[in-house]
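Trainee: I have a few questions about this one. Please keep the answers plain.

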Amino acid sequence: MAGKKEEEKKKPQHLDDFLKGLETEHSTSLDEAFKARDDFVKEENQNHLYVNVFVPGQDALYNTLVSELDKAFEKKDDKKIEKQEERDKVKKAVGKALKKYFEKVQPSISKTIDDMKMDDDEQYEFLTSMYDQHTGGGTQFGQQHGIKSIKASIDNLLEKKKTIGHIKKDIYDSKVKQLGGAMALLGEKYINHHFGRYHHTTIAAYLKPKLEKAGVEIKDKLEYATLSTGKLLDLRDKMIEKKLEEHEYITKKKEEDKK
């Protein structure tokens, strides 16, 4: 029982815990790097981050936004935002909502607001920027995965004089993709931490005998040798899951060649 409680304590309660752990978590070999990644992508670990770190943040963001907008606009969801004073109230509500999000997900970001004594406008600009970096919104990554910039979305709704209801709906509808983007970017940070010092050709050479042992033959050596680290990790995942009947045009099972 004590061992189980100790293991639970080790699980990060927020991203500051997670990032602090990386300060002392270093791989001295590719074997260790792959072991660390295998542990990171385990379903129970991913579920913990999703359910206990990111979901509470998204819930706090949306619930706080609704509460603040309802107070500022007397629960009138059909109220159009037309005046500058009304735009300021919306931005203030968004800023408070994002602060609550980061209090759950990464408290050091919210603490910066207090440490720097930011006013409402500064808080809005700072937190929308931090949230977009955090989720990938407005970046090339975000465009590829349909993740919108929260700042661009809010500014666009205000410019078009949309209603309070539109703002609530937009934030609610974006929750799942924003969460997915944050999870994916955290994964990229973790991968880079453990694999960043290895050239992708070194990783390709490391995996080659393991692929061959699994009954896989490299069809295009040049293409294989120039694969990115991410694609090599994907290749290894499919090898482990025994799904390597065909991986793009790079590998195939030797058994198929013999037929």
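Trainee: What is the relative accessible area of V51?
Mentor: V51 has 48%, which makes it partly exposed. Buried means under 20% relative accessible area, exposed means over 50%, and partly exposed is in between, using a 1.4 Å probe and protein chains only. Keep in mind that this is a predicted model, in which local features need pLDDT of at least 70 and side-chain atom pairs count only at pLDDT 80 or more, while totals for chains, interfaces and linings use all residues. Residues are numbered from 1 along each chain as its sequence is written, and side-chain values use heavy atoms, without hydrogens or water.

Trainee: Where does V51 lie?
Mentor: In helix α4, which covers residues 43-73. Helices (H or I, at least four residues) and strands (E, at least two) are DSSP runs, numbered from the N terminus.

Trainee: Which nonpolar surface patch is V51 part of?
Mentor: Y50, V51 and V176 make a nonpolar patch of about 280 Å². Patch residues have over 30% relative accessible area and no salt bridge; like charges are joined within 9 Å, and nonpolar side chains (Val, Leu, Ile, Met, Phe, Trp, Tyr) within 5 Å. The areas come from the Shrake-Rupley method with a 1.4 Å probe, and for residues only the protein chains shown count as cover.

Trainee: Which residues form the negative patch?
Mentor: E85, D88, D119, D121 and E122. Helices α5 (84-105) and α7 (120-135) each supply at least two of its residues. D88 belongs to α5 and is partly exposed, at 35% relative accessible area. Asp and Glu count as negative, Lys and Arg as positive; His and the chain ends are not counted. Each charge is placed at NZ of Lys, CZ of Arg, CG of Asp or CD of Glu.

Trainee: And which residues form the positive patch?
Mentor: K80, K160, K161 and K162. K80 sits in the loop between α4 and α5 and counts as partly exposed, at 47% relative accessibility.

Trainee: What about salt bridges, how many does the search find?
Mentor: It finds 21 in the whole structure. A salt bridge here is a side-chain nitrogen of Lys or Arg within 4 Å of a carboxyl oxygen of Asp or Glu. Side chains of opposite charge can pair when their charged atoms come close.

Trainee: Give me one. What distance separates N and O for K168 and D70?
Mentor: 2.7 Å. That pair links distant parts of the chain, with K168 in helix α10 (residues 164-173), D70 in helix α4, and their positions 98 residues apart.

Trainee: Are those two buried or exposed?
Mentor: K168 is buried, and D70 is buried too.

Trainee: What does K99 pair with?
Mentor: K99 forms a salt bridge with D114, and their closest N and O atoms are 2.9 Å apart. K99 lies in helix α5 and D114 in helix α6 (residues 107-115), so this pair ties together parts that are 15 residues apart in sequence. K99 counts as buried because its relative accessibility is 17%, whereas D114, at 46%, counts as partly exposed.

Trainee: Which helix holds both K100 and E103?
Mentor: Helix α5 holds both, three residues apart, or about one turn. Their salt bridge has its closest N and O atoms 3.7 Å apart. K100 is partly exposed at 39% relative accessibility, and E103 is partly exposed at 37%. An α-helix has 3.6 residues a turn, so residues three or four places apart point the same way.

Trainee: New topic. What is phi for E74?
Mentor: It is near 55°, a positive value in a residue other than glycine. E74 is in the loop between α4 and α5 and is exposed, at 58% relative accessible area. K75 is found in the loop between α4 and α5, and its phi is about 60°, although K75 is not a glycine either. K75 counts as exposed, with 66% relative accessibility.

Trainee: Last one. How far apart are the end C-alpha atoms of helix α11?
Mentor: They are 30 Å apart, which agrees with the 30 Å expected for the 21 residues of α11 (residues 175-195). The expected span is 1.5 Å times one less than the number of residues. Buried residues of α11 include L179, M183, L186 and Y190. The C-alpha atom of Y190 is 7.9 Å from that of R37, though the two residues are 153 apart along the chain. R37 is in helix α3 (residues 30-40) and is buried, at 8% relative accessible area.
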